[in-house]
Amino acid sequence: MTTASATNVYDLGTVEYQRAWAIQRDMVQQRIDGVIGDSLLLLEHPHVYTLGRRAKINDVLLSADELDKAGIAVHKIDRGGEVTYHGPGQLVVYPILNLKNIGGPVHYVHSLEAALIDGLASFGIAGHVRDGFPGVWIGADAQQRKIAAIGVRVSHGVSCHGFALNVSTDLTYFQGIVACGILGLNVTSIEQELGSPVDAVGVRKVIVAALEVRLGLVAQWQGAMGV
């Protein structure tokens, strides 16, 4: 476990993707400059497909007209990974952290995976990692289903982007993309695995508590930021 550091936690509600990306960029620069400390941003996005550095535009399977009718935005971004979906019912966490005490980017990603697995275990869900595919999975062999995606960027030792955990997500939106570069990828959510509704606020608290343990953080809940 790493040395504990105070980390401000902001629950932003629903934030349009481009606005959240701008907030991250500003906060990363402030963290690099030492103006602010470590932070976690918790939020949901309206329907959006985001393409990471390894994504191909044809990984989006819907036409421009279909995207428009479905109300789905598409953005190319600077995180690692391929294409994924964000939308209502999905917990997105963007950690703005100085990684000097966390062991570097690879260890950081593994710590995010471990925290998600710990959090899912609190709901009786057994998650696991899959070699070569960052994120968290449920099930085995051909029945593997992805429940959380991870894509990060590190600039001058400070992280941004992060992970998305499907809580009560409408999983049909994943059918419009080659999610994570895997054709026919099976996805799932906490509610689908449990077969019953879950408290979204409770999920947030469980995941933040798991991040505290795995990343050596001391969460200081601040509410919203006036975004």
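Which residue takes a positive phi in the hairpin of S9 and S10? In this predicted model, the residue is histidine 156, whose phi lies near 55°, in a hairpin that has two residues between its strands. The two strands of that hairpin are a convenient place to begin, and the description then moves outward to their neighbours.

Strands S9 and S10 run antiparallel and are joined by eight bridges, and within this pairing isoleucine 150 stands opposite phenylalanine 163 in S10. Strand S10 also pairs with strand S6, which covers residues 90-96; these two strands likewise run antiparallel, and four bridges join them. Here valine 92 is the residue that stands opposite alanine 164 of S10. Nine of the nine residues of S10 are buried, that is, under 20% relative accessible area, and S10 is therefore largely enclosed by the rest of the structure.

The hairpin strands also take part in the lining of an internal space. When a probe the size of a water molecule is rolled over the atoms, it shows where empty space is left. In this model the count comes to one cavity of 30 Å³ or more, and about 70 Å³ of space lies in the largest cavity. Eleven residues line the largest cavity, and those that lie nearest its centre are Thr84, Ala148, Ala149, Asn166 and Phe174. The elements that give two or more residues to this lining are strand S9, residues 145-155, and strand S10, residues 158-166, with S9 supplying the largest share, four residues. By character, the lining divides into seven nonpolar residues, three polar ones and one charged one.

Elsewhere in the description comes an open sheet of three strands, arranged in the order S4-S3-S5 with mixed pairing. Strand S4, residues 73-76, and strand S5, residues 83-86, stand at the edges with a single partner strand each, so one side of each is left without a neighbour in the sheet. From one strand to the next the twist averages 20°. Strand S3, residues 48-51, runs antiparallel to S5, and four bridges join the two; among the paired residues, leucine 51 has valine 83 in S5 as its bridge partner. Helix H1, residues 17-32, packs on this sheet, where the helix touches S3, S4 and S5 and its direction makes about 30° with that of S4.

Technical notes:
Residues numbered from 1 in each chain as written. Predicted model: local features only at pLDDT ≥ 70, side-chain atom pairs only at ≥ 80, totals over all residues. Heavy atoms only, no water. 1 Å grid on protein atoms, 1.4 Å probe; cavity = no way out; pocket = protein on both sides within 12 Å on 5 of 7 lines; lining within 4 Å. Points joined across faces, edges and corners; volume = space filled by probe spheres on them. Nonpolar A, V, L, I, M, F, W, Y, C, P; charged D, E, K, R; others polar. Pairing = 2+ DSSP bridges. Axes fitted to C-alpha atoms, helices over the stretch in contact; angles between N-to-C directions. Contact = heavy atoms within 4.5 Å. Buried < 20%, exposed > 50% of the residue type's maximum accessible area, 1.4 Å probe, protein only.
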